[in-house]
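Biologist: Got a minute? I'd like to go through this structure with you. Can we start with the salt bridges?

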Amino acid sequence: MFNQKSLFGHLACFTAYLIFGLNIVVCKDLTSSGTISPIALFTLRSIGAGSLFWIISFFLPKQRVERGDYIKIFAASVLGFFLTQMFFLVAISRITPMDCSIITSLSPVYTMFIAAYALKEPLSAQKIGGVVLSLCGIIYLILNSVTSTGAVTQTTPFGVILMIGNSLCFSLYLGIFKPTIAKYSVVTFMKWTFLFASLLALPFSAKEIISLNFAALPTEYVAELAFLIICATFITYFLIPIGQKILRPTLVSMYSYVQPIVAIVVSIYVGMDSLSWQKVVAAITVFAGVAIVSYSRSKSSRASSQS
């Protein structure tokens with residue numbers, strides 16, 4: 001049974017990944033329109049969400065960051081936001097929402113390996129078998145989704161590689177930076193994270209942002225941009241550190257399973273994607289492999305707690 005604290009951590013992660021699922025579809029629609037480039041969209045999200053965190057911080061007790069931790073927070077910003085989001089925003093116009101969501105389901109597998117390296121946890125044959133099964137599902141997905149047309153409505157090899165990079169970077173963020181995140185309040189940690197991310201992106205996007213005519217943007221694009229800044233960036237990156245403080249990294253990443261369910265349902269509903277038996281087989285194979293890994297992880301945890 002969950003105590004009140006762990007229940008709060010679970011709710012925070014569930015809500016964050018629920019929004020991440022919607023984020024796949026919204027980003028797909030906005031970037032495919034050609035209205036704004038991925039780097040400019042990232043910068044707007046970073047500045048917008050970062051500004052909200054800084055504003056909130058003025059109304060909270062000031063928390064001093066130790067000098068040596070600025071480097072750690074900068075590295076967390078690069079892995080957990082800059083690289084993660086840039087991989088995603090560039091990939092989303094080269095991959096269908098359904099294929100994107102299936103690939104991101106591998107995040108718990110990456111997190112397991114990172115935790116095994118950092119915590120010296122043994123890797124069983126069952127865990128390795130689950131990883132191989134999931135990779136077979138990804139290969140099958142690529143072979144049955146990639147076309148030679150390169151259209152934005154089709155999955156391309158480059159899009160698949162970028163999404164794997166996205167999942168890997170975020171898994172590294174979850175597995176490596178929990179001690180630093182636990183040390184500071186969510187607002188303190190995230191305001192510096194987004195400040196560093198904005199400074200990284202501005203040199204590449206300032207010219208486009210200045211020249212962008214926001215008044216001429218269609219209403220639906222303005223609404224989508226507001227959703228990405230407020231919900232898919234500010235709220236999600238407020239909730240994820242809460243979950244990281246309370247739950248294990250592997251358990252936090254397990255909530256990425258909510259993401260494909262939401263993305264698949266919504267993308268099919270709005271006509272962005274279609275369901276084929278090949279994708280069903282690929283999804284089942286990937287999820288089965290991840291389930292094997294997750295069961296092995298929980299089984300070994302129960303055994304160690306009883307010994």
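Modeller: Sure. Keep in mind that this is a predicted model. Lysine 183 forms a salt bridge with glutamate 66, and their closest N and O atoms are 3.0 Å apart.

Biologist: Where do lysine 183 and glutamate 66 lie?

Modeller: Lysine 183 is in helix α8, residues 178–183, while glutamate 66 is in the loop between α2 and α3. So the pair ties together parts that are 117 residues apart in sequence.

Biologist: Is lysine 183 buried, exposed or partly exposed?

Modeller: Lysine 183 counts as partly exposed, because its relative accessibility is 39%. Glutamate 66 counts as partly exposed too, at 40%.

Biologist: How many salt bridges are there in the whole structure?

Modeller: The search finds three. Lysine 183 also forms one with aspartate 69, with the closest N and O atoms 2.9 Å apart. That pair links helix α8 to helix α3, 114 residues apart.

Biologist: And which residue does lysine 72 pair with?

Modeller: Lysine 72 bridges to aspartate 69, with 3.7 Å between the closest N and O atoms. These two are three residues apart in helix α3, so about one helical turn separates them.

Biologist: Is aspartate 69 buried or exposed?

Modeller: Aspartate 69 is buried, with a relative accessible area of 3%. Lysine 72 is partly exposed, at 41%.

Biologist: Which residues make up the salt-bridge network?

Modeller: Glu66, Asp69, Lys72 and Lys183 are linked in it.

Biologist: New topic. How many cavities of 30 Å³ or more are there?

Modeller: Two. The largest holds about 210 Å³ of space. It is lined by 17 residues, and Phe20, Thr84, Asn166, Phe170 and Gln259 lie nearest its centre.

Biologist: Which elements give two or more residues to that lining?

Modeller: Helices α1, α3 and α7 do. By class, the lining of the largest cavity has seven nonpolar, 10 polar and no charged residues.

Biologist: What about the second largest cavity?

Modeller: Its volume is about 50 Å³. Its lining includes Leu30, Thr35, Ile36 and Tyr221. The count there is seven nonpolar, one polar and no charged.

Biologist: Last thing. What is the mean pLDDT?

Modeller: The mean is 80, and 80% of the residues reach 70 or more. Residues 146–152 have pLDDT below 50, and that stretch has nine contacts beyond near neighbours in sequence. Residues 303–307 are also below 50, with zero such contacts in the model.

Key. Residues numbered from 1 in each chain as written. Predicted model: local features only at pLDDT ≥ 70, side-chain atom pairs only at ≥ 80, totals over all residues. Heavy atoms only, no water. 1 Å grid on protein atoms, 1.4 Å probe; cavity = no way out; pocket = protein on both sides within 12 Å on 5 of 7 lines; lining within 4 Å. Points joined across faces, edges and corners; volume = space filled by probe spheres on them. Helix = DSSP H or I, 4+ residues; strand = E, 2+ residues; numbered from the N terminus. Nonpolar A, V, L, I, M, F, W, Y, C, P; charged D, E, K, R; others polar. pLDDT = per-residue confidence, 0-100. Contact = heavy atoms within 4.5 Å. Salt bridge = Lys/Arg side-chain N within 4 Å of Asp/Glu carboxyl O. Buried < 20%, exposed > 50% of the residue type's maximum accessible area, 1.4 Å probe, protein only.
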